[in-house]
Amino acid sequence: LGAPTSINCSCQTKQPRRLTRGVCASIYRIERFFVSKIKRVVIKIGSSLLTDEVRLTVRWAFMQRTLEDIADLVEDGYEVIVCSSGAVALGMRTIGVTPATAGLRDKQAAAACGMPLLLNAYKQVGHEHDLNIAQVLVTLGDFEDHPRFLNTKNTLHRLLAANVVPIINENDTITTEEIRVGDNDRLAAKVAQMVEAQHFVILTGVDGLYDRNPDEPGAQFIDVVHDVSDYIAATEEVSTLGTGGMYTKMQAANMAQNAGCTTLIANGNADSPISSVLRGERRCTKFVAHDQPTDSWSAWLTNRLQMAGSIVVTAEMVDAIVDGSRPISRTDVIEVSGNFVKGDVIHIYDEEGVERARGMVDFSSEETEILVRNLEIPVKQLLGYHSRAVLVEKTNMISVDDRHISWDQSSLGQTRN
């Protein structure tokens with residue numbers, strides 16, 4: 001096989017940071033019209049399905065069943081994107097570590113060794129079913145920075161137009177704890193949002209969601225979920241090989257729901273593991289998409305993978321957020337946390353610590369601190385240039401409602417994995 005096609009997206013042109021919600025909503029309606037004519041599914045496959053937990057090798061039987069099913073979906077008119085774990089696990093034998101002993105550097109090195117093995121497996125089996133396979137490596141910035149988000153989106157659409165199945169994974173070789181997505185569940189949900197997928201299928205080692213640990217007596221299977229917050233408390237365990245557990249799958253499902261995408265969590269150890277779920281032929285948990293999804297701009301603002309920073313605002317500003325009457329100025333801010341730059345999306349809290357909104361900030365954290373602490377001094381004297389001292393424009397701010405899982409202020413700098 002030749003060298004794998006590795007696409008690491010970054011934006012080469014400057015694009016305006018500030019977009020009006022009206023323009024974005026119009027683009028969104030046009031996109032939704034055309035996307036509604038296309039059957040598009042994003043599939044997330046976990047490490048425990050792809051790799052043998054003892055030998056740390058590819059589970060070829062699973063790979064064969066899955067890619068055969070994907071080929072059938074493509075033949076049936078679906079556009080398919082796969083978000084795949086497994087590279088780190090497959091590379092551990094090469095560098096002589098185990099999941100229990102591997103540190104960050106070990107995992108980075110293992111990812112470098114395991115990624116060619118993983119892609120070769122996809123290409124080898126995919127070739128048997130006439131599938132064209134491409135590799136797309138992404139980092140946190142490809143989702144959190146809006147121009148890079150759009151550039152990644154354009155690359156994926158071009159691959160789909162060429163009848164290519166993208167295999168997406170986080171570039172674990174170059175990422176650290178501070179700049180990584182952290183789990184492929186939420187990464188895959190961001191991809192589903194990005195490409196306006198109708199379905200998001202998470203294949204895992206269990207049948208779906210239970211109201212408690214499925215090993216506990218009396219555990220009840222949940223067929224349909226409308227509000228993920230009802231089941232968050234029962235989803236805190238993490239798998240041996242992967243970085244996610246059912247909790248991150250709940251977060252991912254919530255993100256997809258808000259973007260108008262139905263999520264299906266199912267056991268991947270089955271014949272036709274994807275199509276059988278899409279056709280409703282076997283048990284799974286269905287997270288119903290909201291019938292009034294947010295537009296693409298709002299979804300990008302609210303569905304965050306990492307908290308860049310936060311501010312606490314006055315009670316008067318909270319009222320203004322609710323009715324959307326005005327932007328956040330420096331006089332509205334009580335406290336500033338985190339290390340953010342202009343264009344980052346920050347989380348906005350009231351004085352009780354309740355998250356009220358998320359918005360794109362027009363100043364860095366250092367500039368914000370200077371502005372907030374020196375209200376009596378003109379902005380030009382403080383920063384050296386004229387400005388209205390508006391921290392977050394109302395068109396770049398989205399109120400967090402009951403549909404979103406709110407983030408605690410203690411999550412600052414974390415990826416919630």
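1. Helix 3 and helix 5 cross in a right-handed sense. This is in a predicted model. Helix 3 covers residues 60–75 and helix 5 covers residues 104–128. Their axes come within 9 Å and cross at roughly 50°. That angle makes helix 3 oblique to helix 5, because an angle counts as roughly parallel only under 35 degrees and as roughly perpendicular from 65 to 115.

2. Which residues of helix 3 meet helix 5? They are W60, M63, Q64 and L67. On the helix 5 side, the residues met are A121, Y122, Q124, V125, G126 and E128. By type, the residues of this contact divide into six nonpolar, three polar and one charged.

3. Elsewhere there is an open sheet of five strands. The strand order is 14-12-15-16-18, and the pairing is mixed. Strand 14 (333–338) and strand 18 (397–399) are the edge strands, each pairing on one side only. From one strand to the next, the twist averages 20°. As background, the strands of a sheet pair through backbone hydrogen bonds, either parallel or antiparallel.

4. How do strand 16 and strand 18 run, parallel or antiparallel? Strand 16 (residues 355–360) and strand 18 run antiparallel, and three bridges join them. For A357, the bridge partner in strand 18 is S399.

5. A helix also lies across part of this sheet: helix 12, residues 315–323. The strands it lies across are strand 12 (309–313), strand 15 (345–349), strand 16 and strand 18. Helix 12 runs at about 110° to strand 12.

How values were computed
Residues numbered from 1 in each chain as written. Predicted model: local features only at pLDDT ≥ 70, side-chain atom pairs only at ≥ 80, totals over all residues. Heavy atoms only, no water. Pairing = 2+ DSSP bridges. Helix = DSSP H or I, 4+ residues; strand = E, 2+ residues; numbered from the N terminus. Axes fitted to C-alpha atoms, helices over the stretch in contact; angles between N-to-C directions. Contact = heavy atoms within 4.5 Å. Parallel < 35°, antiparallel > 145°, perpendicular 65-115°, else oblique. Left-handed = near helix turned anticlockwise from the far one by under 90°. Nonpolar A, V, L, I, M, F, W, Y, C, P; charged D, E, K, R; others polar.
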